[in-house]
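Okay, thanks for coming, everyone. Let me pull this one up on the screen and then walk you through a few spots in it.

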Amino acid sequence: MLAINLPDVLAEVTVQFQRYEKALTGNDVAVLDELFWNSPHTLRYGATENLYGYDAIRAFRAGRPAQGLERTLLKTVITTYGQDMATANVEFRRTGSARPGRQSQTWLRTPEGWRVVSAHVSLLA
């Protein structure tokens with residue numbers, strides 16, 4: 001039987017998710033690059049872009065404006081599956097916007113640590 005939300009694993013992923021959120025809203029590109037799996041299999045579907053592979057994600061981050069990144073998390077659900085896989089799903093609202101957004105991430109434990117292997121961001125109408 002697969003162990004869901006083992007306390008130590010949930011704590012590890014939560015710390016990395018919080019690092020990601022701080023880096024995202026602070027435009028800390030180095031940390032964002034670190035937390036995505038450096039692989040051609042990594043993908044990120046954004047509000048306006050589809051990015052396939054770590055290099056495409058890194059290039060997007062390097063060219064993205066640093067303004068307007070602040071947001072409030074409305075709901076966060078982190079679930080771990082066994083020792084090496086997790087999902088993080090959030091509802092958010094960008095500062096100054098009435099449109100709610102959603103973000104989902106799949107995290108994998110790699111030899112380098114926890115990394116996002118798949119991410120999706122969307123805004124509701």
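So, Phe36: this residue is buried, with a relative accessible area of just 2%. Keep in mind that we're looking at a predicted model. Tyr20 is buried too, at 3%. Why mention those two together? A search of the whole structure turns up two aromatic pairs, and Tyr20 with Phe36 is one of them, a tilted pair with 6.1 Å from centre to centre and 55 degrees between the planes. This pair links distant parts of the chain: Tyr20 belongs to helix H1, residues 7-26, while Phe36 sits in the loop between H2 and strand E1, and they're 16 residues apart.

Now, the other pair. How are the rings of Tyr45 and Tyr52 arranged? Their planes are at 75 degrees and their centres 5.8 Å apart, so this one is edge-to-face, since anything over 60 degrees gets that name. As for accessibility, Tyr45 is partly exposed at 29%, and Tyr52 is exposed at 52%.

Next up, Asp33, which you'll find in helix H2, residues 29-35. Which side chain of opposite charge is nearest to Asp33? That's Arg58, 5.1 Å away. A salt bridge has to be within 4 Å, so Asp33 is buried yet has no salt bridge. Leaving out residues up to four places away in sequence, Asp33 touches Tyr54, Arg58 and Arg61.

One last stop: Arg71. This arginine lies over the face of Phe92, 4.4 Å from the ring centre. And that's my tour, thanks.

Terms used
Residues numbered from 1 in each chain as written. Predicted model: local features only at pLDDT ≥ 70, side-chain atom pairs only at ≥ 80, totals over all residues. Heavy atoms only, no water. Helix = DSSP H or I, 4+ residues; strand = E, 2+ residues; numbered from the N terminus. Buried < 20%, exposed > 50% of the residue type's maximum accessible area, 1.4 Å probe, protein only. Lys, Arg positive; Asp, Glu negative; His and termini not counted. Contact = heavy atoms within 4.5 Å. Phe/Tyr/Trp six-rings, centres within 6.5 Å; stacked < 30°, edge-to-face > 60°. Lys NZ or Arg CZ within 6 Å of the ring centre and 35° of its normal.
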